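Welcome! Here is a short guided tour of the fold, meant for someone opening this structure for the first time. Keep the 3D view at hand and follow along.

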Amino acid sequence: MSALNRTPQEDSYRRSLRAQVIRCEPGAGGFEVVLSDSVLFLESGGQPSDGGTVAGHPVLALRQNDAGELVHVLAEAVSGEVEVALDWERRYDLMQQHTAQHLITATALNRFGLKTTAFHLGDEQSDIELATPTLDPAMMERLCEKVNTEIRAARPIRARWVTREEMAALPVRSRRLPADLEGSIRLVEIEGVDLNTCGGTHLRNTSEIGSIVFSGEEHLRGGTRLFFLAGGRVTRRLSQALERERRLSELLTCGPTEHMARIERLLAEAAQLKHERNTALRELAMQAGEKLAGDPGRCAGFSRPGSDMEFLLEVAKTARARAPEKVFLLVGSGREGPFVLAGPEALVSGLSQAVRETLEGKGGGRGGVVQGRGQRLDRLSEALERIAAALSAGA
Ligand SMILES: [Zn+2]
């Protein structure tokens, strides 16, 4: 029976093997298959589980059972001798990210005295958490440069197993181990740079990382999370960024070096236009309010398609100021469009119910202004008739 993760730990580059099916039973999410050996790595120490196939069937999930065996969950039952194949592309990407993490963590500590408190390997980007509340941009640039220098130095990477006593005599970076760990301890060494306990899969040489870039930072709990990309992700992200840059150049009709200045100017122009539009709308609302106040009768209606609530309230404010004894009903347009009922407080509260019924609306308010949204704003004249009738009956 295979020890968990032993084969991927012994040879992280092994992509497939033939194994015997020891057990295959129906279980949660499919058939639970235990094999004599596997190339698939089960999530451990911050490295996610591998994907792959068993006898050509995709592995739906990997987990450990109560007996400590590796369980491959498949949609189909299998038996006899089977081929276990790894999703190598994904694994190699994870090996690039994970090895880069070791190197960034070691370089941050050795060169800048910054301790890594946690790390996370993600599908899009990965991060390490550094025990510092802030990161100086110049220092980050130097860290990035140093890590890339170590990558180009093509340092060999090896894993080996030692006893606790052997480990005590070695300059191991982190000595945190699982409490239930028994037997030998796995050490991963980047020659001349780092020696650390780790059960994950790594590259054979730092040169296989290719390069790294930092893609952002986030502050949390007094520490800083530093995001990075390594290996194939760097070139993929660069290609995407260049494609966006090309499209932006087309849209903005200028070269990449002018993008920022052009966008800043466009935003400033947009802000200025918005300001001018608001001023013009306020003036329009005041004119409309004055005209409305001058309408004959005890109530008056106003309708302007596309009006928002702010505009209607502005019209109502002017109209009320000019003719405080009158009742005004103002509507916008569309389903769920805005309406405002305004006038003397005692009258408005008495009329509110009839208006809401007629406009099939909801809303409320106080101080002589009811605002809401209605389904039938096209019934403005019907609502005004009800208001007029109620006012005559009251008078
Ligand atoms: Zn590792």
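## The seven-stranded sheet

Seven strands make up an open sheet with antiparallel pairing, in the order β4-β3-β7-β1-β2-β6-β5. At its edges are β4 (57-58) and β5 (61-64), each of which pairs on one side only. Please keep in mind as you look around that this is a predicted model.

Let's start with strand β1, which covers residues 16-27 and runs antiparallel to strand β7 (residues 81-86), with five bridges joining the two. If you would like a spot to zoom in on, find glutamine 20: its bridge partner in β7 is glutamate 81.

## From β1 to β2 and on to β6

β1 is also joined to strand β2 (residues 30-35), again in the antiparallel sense, by six bridges. Along this pair, glutamate 25 faces glutamate 32 of β2. The two strands form a hairpin with two residues between them, and in the turn glycine 29 has a positive phi of about 80 degrees.

Next in the order comes β6 (residues 70-74), which pairs with β2 through three bridges, also antiparallel. Glutamate 32 turns up here once more, standing opposite valine 73 in β6.

## Helix α2 and its partner α3

Now move on to helix α2, made of 25 residues (88-112). From its first C-alpha to its last it reaches 35 Å, close to the 36 Å expected at 1.5 Å a residue. Just after this helix sits glycine 113, with a positive phi of about 70 degrees.

How do α2 and helix α3 (residues 137-152) pack, and at what angle? The angle is about 120 degrees, and the axes are 10 Å apart. That angle makes α2 oblique to α3. The crossing of these two helices is right-handed. On the α2 side, the contact is made by Leu103, Ile104, Thr107, Ala108, Arg111 and Phe112, and α3 brings Met139, Leu143, Lys146, Val147 and Glu150. Sorted by class, this contact of α2 with α3 has seven nonpolar, one polar and three charged residues.

## Helices α6 and α7

Another pair to look for is helix α6 (residues 259-293) with helix α7 (residues 309-322). They pack at an angle of about 45 degrees, with 7 Å between their axes. α6 and α7 are therefore oblique to each other, and α6 passes α7 in a right-handed crossing.

The α6 residues that make the contact are Leu281, Arg282, Ala285, Met286, Ala288, Gly289, Glu290, Leu292 and Ala293, while those of α7 are Phe311, Glu314, Val315, Ala316, Lys317, Thr318, Ala319 and Arg322. In the contact of α6 with α7 there are 10 nonpolar, two polar and five charged residues.

## The five-stranded sheet

Further along the chain, there is an open sheet of five strands in the order β15-β16-β17-β19-β18, and its pairing is mixed. Its edge strands are β15 (299-303) and β18 (361-366), each pairing on one side only. From one strand to the next, the twist averages 15 degrees.

Within this sheet, β15 runs parallel to strand β16 (residues 327-331), and five bridges link them. Serine 303 has valine 331 as its bridge partner in β16. Helix α8 (residues 345-359) packs on the sheet, where it touches β16, β17 (337-342), β18 and β19 (369-374); its direction makes about 155 degrees with that of β17. Helix α9 (residues 380-394) lies across β15 and β16, and runs at about 165 degrees to β15.

## Where α8 meets α9

These two helices also pack against each other. Which angle do α8 and α9 make? They pack at about 155 degrees, with their axes 9 Å apart. α8 and α9 are therefore roughly antiparallel to each other, and α8 passes α9 in a right-handed crossing.

To see the contact, pick out Leu351, Ala354, Val355, Thr358 and Leu359 of α8, together with Glu382, Ala383, Arg386, Ile387 and Ala390 of α9. By class, the residues of this contact of α8 with α9 are seven nonpolar, one polar and two charged.

Technical notes. Residues numbered from 1 in each chain as written. Predicted model: local features only at pLDDT ≥ 70, side-chain atom pairs only at ≥ 80, totals over all residues. Pairing = 2+ DSSP bridges. Helix = DSSP H or I, 4+ residues; strand = E, 2+ residues; numbered from the N terminus. Axes fitted to C-alpha atoms, helices over the stretch in contact; angles between N-to-C directions. Contact = placed C-beta atoms within 7 Å. Parallel < 35°, antiparallel > 145°, perpendicular 65-115°, else oblique. Left-handed = near helix turned anticlockwise from the far one by under 90°. Nonpolar A, V, L, I, M, F, W, Y, C, P; charged D, E, K, R; others polar. Expected span 1.5 Å × (residues − 1).
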